[in-house]
Amino acid sequence: MTEKLKQLSEKGIQWWKEASWQRKLGLAAMVTLVAGTFAAIVVLSSKTDWQRLVADASPEDVQAIVAQLKKANIPCRVSASGTAVEVDASMVDQARMEIASSGLFGSGVGFELFDRREFGMTSFQERVNFRRALEGELARTIRSLAEVKSARVHLVIPKRALFKEDRKDPSASVVVNLKPGKKLSERQLQGIRQLVASAVEGLKPGRVTVLDGHGAILARVITDPGQQVANELIEYQRRAEKVLEERILALLEPVVGTGKVVAQVTAEVDYK
């Protein structure tokens, strides 16, 4: 066997020495073509088909999701914008289950949940997925507020009843984790409630509860219509007091110096 290889090697060397430069060039071109084709096949076969898993996420959510996927040995990458996470298309379902089980999808998943339509999905599954997607989209919008670090939305959408006496009103709860030193104004809380109510048919703003990350109720369910009016009047009074305080500071600080004036106003508003 060794002798045959030696003979073939000697014949090859002898052929190379005696071959014209045209033959040598043709052989080199053929070898290069075969090697290039093989390399292309290897690269294409190993190329990952990336599919978006999460979009419009905060940097903190992206970092947590990537860490969880790497822990589960699921290939992933972050988009150039830094707000989206992509995974191997063949592992999208596994990645979604992994993130969902870890609780990280509370504020991440949105209507991209419907990017992949699954045949054989029941109407119940479609309703559940729609509710989850709607919750995710609402949480993203709420998270866009400067004071909010993260948010989760929970919707209770009763199944439509045939008889009016059997119908139940939908409700919702929103949990917001605020950034250090930040708080939501009464106007922002009303805006959050109105946002959620506008997204669900039949949901009234008074049926939306807002809590902070410590479980403190920021806006409770309103059962008395008069309570809503009272809250609006209180917010109006607070805004009036703040405007007056800012005007006092603007008048006195140029005289006595910035930071040397403290203004506190208690206003009595005539609502008639």
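Two strands count as paired when DSSP finds at least two bridges between them. Strand 2 and strand 3 (residues 85-88) meet this with three bridges, running antiparallel. The structure is a predicted model, and the legends below each cover one close-up.

**View 1. An open antiparallel sheet of three strands, in the order 1-3-2.** Strand 1 (50-54) and strand 2 (76-78) stand at the edges of this sheet. Each of the two has a single partner strand, so one side of each is left without a neighbour in the sheet. From one strand to the next, the twist averages 35°. The close-up includes the antiparallel pair of strand 2 and strand 3, joined by three bridges.

**View 2. R77 and E86, paired through backbone and side chain.** E86 in strand 3 is the bridge partner of R77. The side chains of E86 and R77 also form a salt bridge, with the closest N and O atoms 2.7 Å apart. E86 has a relative accessible area of 14% and is therefore buried, the limit being under 20%. R77, at 40% relative accessibility, counts as partly exposed.

**View 3. Strand 6 (residues 208-212) and its parallel neighbour.** Strand 6 is mostly covered, with four of its five residues buried. Five bridges pair strand 6 with strand 5 (residues 171-178) in the parallel sense. Within this pair, V174 stands opposite V210 of strand 6. Together with helix 6 (residues 186-199), strand 5 and strand 6 make a right-handed β-α-β unit.

**View 4. The hairpin of strand 6 and strand 7 (residues 217-219).** Strand 6 and strand 7 pair in the antiparallel sense over two bridges. V210 stands opposite A219 in strand 7; V210 also has V174 opposite it. Four residues lie between the two strands of the hairpin. G215, in the turn, has a positive phi of about 90°.

**View 5. Two salt bridges involving helix 5 (residues 123-143).** Side chains of opposite charge can pair when their charged atoms come close. A search of the whole structure finds three salt bridges, among them R131 with E135 and R140 with E137. The side chains of R131 and E135 meet at 3.1 Å, N to O. R131 and E135 are four residues apart in helix 5, about one turn of the helix. R131 is partly exposed, with a relative accessible area of 27%, whereas E135 counts as buried at 10% relative accessibility. For R140 and E137, the N to O distance is 3.1 Å. Being three residues apart in helix 5, R140 and E137 are separated by about one helical turn. Here R140 is buried, with a relative accessible area of 10%, and E137 counts as partly exposed at 23% relative accessibility.

**View 6. A nonpolar surface patch that includes L252.** I248, L251, L252, V255 and V256 form the patch. Together these residues have about 470 Å² of accessible area. L252 is found in helix 7 (residues 225-256). With a relative accessible area of 39%, L252 is partly exposed. Patch residues need over 30% relative accessible area, so the value of 39% for L252 satisfies that cut-off.

How values were computed:
Residues numbered from 1 in each chain as written. Predicted model: local features only at pLDDT ≥ 70, side-chain atom pairs only at ≥ 80, totals over all residues. Heavy atoms only, no water. Patch = residues over 30% accessible without salt bridge, like charges linked within 9 Å, V, L, I, M, F, W, Y side chains within 5 Å. Areas by Shrake-Rupley, 256 points an atom, 1.4 Å probe, with all protein chains shown as cover. Salt bridge = Lys/Arg side-chain N within 4 Å of Asp/Glu carboxyl O. Buried < 20%, exposed > 50% of the residue type's maximum accessible area, 1.4 Å probe, protein only. Axes fitted to C-alpha atoms, helices over the stretch in contact; angles between N-to-C directions. Right-handed = clockwise from strand over helix to strand, strands pointing away.
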